[in-house]
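Subject: Handing over a structure

Hello,

Here is the structure you will be taking over. Please open it first, then read my notes beside it.

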Amino acid sequence: MASKPAFVRNHAGTMIAGLDAIDRPKRVEDLQIIVADARKFPSPVRAVGGNFSQTGCAAADNGTLIDLRSLNRVLEISNDWVRVQPGASLADVAARLEERGLQLPVNIELGNMSMGSAAFAASKDSSMPGESGQLSSYLLAARIVTPQGKSVVVNGTDPELLRVLRLSYGLLGIATELVFRVQPLRAVRLDYESLTLDDFLREYPQLLRRGAALKFYPLPFSGRVAVETRSLEEDAPTTRSGIWRMRKSVLTNVLPAFGATLANSVRLPGLKYFLIERFNNVMRATMDRAARGVVVFPTEWIQQLPRDPAHVRHGYTSWAFSRTDYPAVLRDYFRFCGEYYRAHHYRPNLMHVSHCVAQDRSSFLSPSYDGAMVTLDPWSTRDHGWDDFLTEFNDFCSARHGVPLFNQTRKLTAEHVQRAFGERLGMFARLRQRQDPHDRMLNRYFAPFLA
């Protein structure tokens, strides 16, 4: 059941386990044995599924890392919910639901994400009208193994406990079964337009009133913002899915490969970023025009990335800002990118993405707890200079009342976290301590945040 790995890293290259045990339980009983036996399986006990987090949130710190990928079954599907094991991938669950004419309320682009991560870690997408943009909001029930090794069920009979469990990052227990709400499969129309920054800021209030899911692609060095609008198209059949699949392949493979190649082969920053910008602009404009007016099912924007970290070129970070503050933040960010490039000759070499996420109070650590938010997510091939950029970017975001995501925001400090979550963080920390007084599941990543 256990092996001795030299190192385990997540796909962002962050080390999450050292020289102690990694365990791959095939039965729920195996998981209970591991958690209950602290002498044989040292603390902290942390669990991973797809292992695609951007941070060290799952780091086992030479403790015990539990790989849940063997617990990957879709156990039961009804017209209203789906019951799954935590190691099942989002892509597999979405495919099974689609066969029944159903879908998850939120279809995150990262298909490799495990359903355990969907329940207990931040997972965002642009909110459709009347819906949350976080998949954890639709967790109806969970069976977990507690830090003491007991198996308990948390469901709607105790809504406050369920609220604490959502987005708890495995600090309160490790899931063995999860129940998510589902809904009928619905087609979505995708439209695109490109605006100058000034036009975007002027049109921003009208965009918010469209009654559609909104996704923005800020282009700081072009002074423009591309707007993607997703609206329900109840009666129209899906169209041009081949074009949409080609667009997805370009954004997933071609752009990152080109960015990585130039980052490694062109030493002059001015030339390198000129070529990257021109290539990105041409490819994005061409594919957006081709995909304009396409009607697809939400499952079609789910992507599968390679498992091997050595071959994954994507890296990103994420902060969420008040929907009201976002225009000022975006204007400041365009200026920040220019100033940082002039000082350090570095800029993120892939895209920037923003998701409009509705207010969600379904969990204590929801990034949109206080109101509707818009994220700001720079993407990179993790080239030289990326981590230094993130250090200053985090200070920029924190100073503008941004809210980080523990599994997606790299290079966080305790000050950033405390400023964003305030008393909610303290309340969660006290509840966690009560549930896990011996810190069986508390790792070095979370310890400074919850001190």
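Below is what I found, starting with the whole chain and moving on to single residues.

**The chain as a whole**

Please keep in mind that this is a predicted model. The protein chain has 11 helices and 22 strands. Of its 451 residues, 59% count as buried. Its exposed surface comes to about 18200 Å². Carbon and sulfur atoms supply 51% of that surface. Contacts across the sequence are well represented: among contacts in the protein chain with a separation of 6 or more, 72% are between residues 24 or more positions apart.

**The nonpolar cores**

The largest nonpolar core has 91 residues. Phe180, Phe200 and Phe216 have the most contacts inside it. Which helix gives this core its largest share? It is helix α8, residues 326–344, with eight residues.

Take Phe200 as a way in. Leaving out residues up to four places away in sequence, Phe200 touches Leu195, Leu207, Phe216, Val225, Val227, Tyr326 and Leu330. Phe216, one of those partners, is also among the residues with the most contacts in the core.

There is a second, separate core of 11 residues. Leu31, Val45, Leu68 and Ile174 are among its members.

**Aromatic rings**

A search of the whole structure finds 26 aromatic pairs. Two are worth a look.

Start with Tyr316 and Trp379. Their rings are stacked, at 4.6 Å centre to centre and with 20° between the planes. Tyr316 lies in strand β18 (residues 315–316) and Trp379 in strand β21 (residues 373–380). The two parts are 63 residues apart in sequence, so the pair ties them together. Tyr316 counts as buried because its relative accessibility is 13%, and the cut-off for buried is under 20%.

Next, Phe406 and Phe446. Their ring centres are 5.6 Å apart and their planes stand at 50°, so this pair is tilted. It links distant parts of the chain, 40 residues apart. Phe406 is in the loop between β22 (403–404) and α10 (414–421). Phe446 is in the segment after α11 (423–435). Are these two residues buried or exposed? Both Phe406 and Phe446 are buried.

Ring pairs also build a cluster. Its members are Tyr333, Phe336, Tyr340, Tyr346, Trp386, Phe389, Phe393 and Phe396.

One ring has a charge for company. The charged end of Arg347 sits over the ring of Phe221, 3.8 Å from its centre.

**A buried lysine**

Look at Lys215, in strand β15 (residues 213–219). Its relative accessible area is 4%, so Lys215 is buried. What joins the side chains of Lys215 and Tyr217? A polar contact of 3.3 Å does. Residues up to four places away in sequence aside, Lys215 touches Glu109, Ser126, Ala226, Val227, Glu228, Arg230, Val353, Ser354 and His355. Val227 also appears in the contacts of Phe200.

**The loop between β22 and α10**

This loop holds Phe406, discussed above. Leu412 is there too. With a relative accessible area of 14%, Leu412 is buried. Beyond its neighbours within four places in sequence, Leu412 is in contact with Trp319, Asn394, Pro404, Val417, Tyr445 and Phe449. Leu412 and Tyr445 are 33 residues apart in sequence. In space, their C-alpha atoms are 9.6 Å apart.

Lys411 lies in this loop as well. At 42% relative accessibility, Lys411 counts as partly exposed. Its phi is positive, about 65°, although Lys411 is not a glycine.

**Other backbone points**

His345 also has a positive phi without being a glycine, here about 55°. Where does His345 sit? It is in the loop between α8 and β20 (352–357). His345 counts as partly exposed, at 46% relative accessibility.

Finally, Ser43 and Pro44 are joined by a cis peptide bond, with omega about 0°. Pro44 is in the loop between α1 (28–36) and β5 (45–48).

Best wishes

Key: Residues numbered from 1 in each chain as written. Predicted model: local features only at pLDDT ≥ 70, side-chain atom pairs only at ≥ 80, totals over all residues. Heavy atoms only, no water. Phe/Tyr/Trp six-rings, centres within 6.5 Å; stacked < 30°, edge-to-face > 60°. Helix = DSSP H or I, 4+ residues; strand = E, 2+ residues; numbered from the N terminus. Buried < 20%, exposed > 50% of the residue type's maximum accessible area, 1.4 Å probe, protein only. Lys NZ or Arg CZ within 6 Å of the ring centre and 35° of its normal. Polar contact = N/O pair within 3.5 Å; in protein donor to acceptor, adjacent residues only side chain to side chain. Contact = heavy atoms within 4.5 Å. Core = buried A, V, L, I, M, F, W, Y, C linked by side-chain atoms within 4.5 Å. Areas by Shrake-Rupley, 256 points an atom, 1.4 Å probe, with all protein chains shown as cover.
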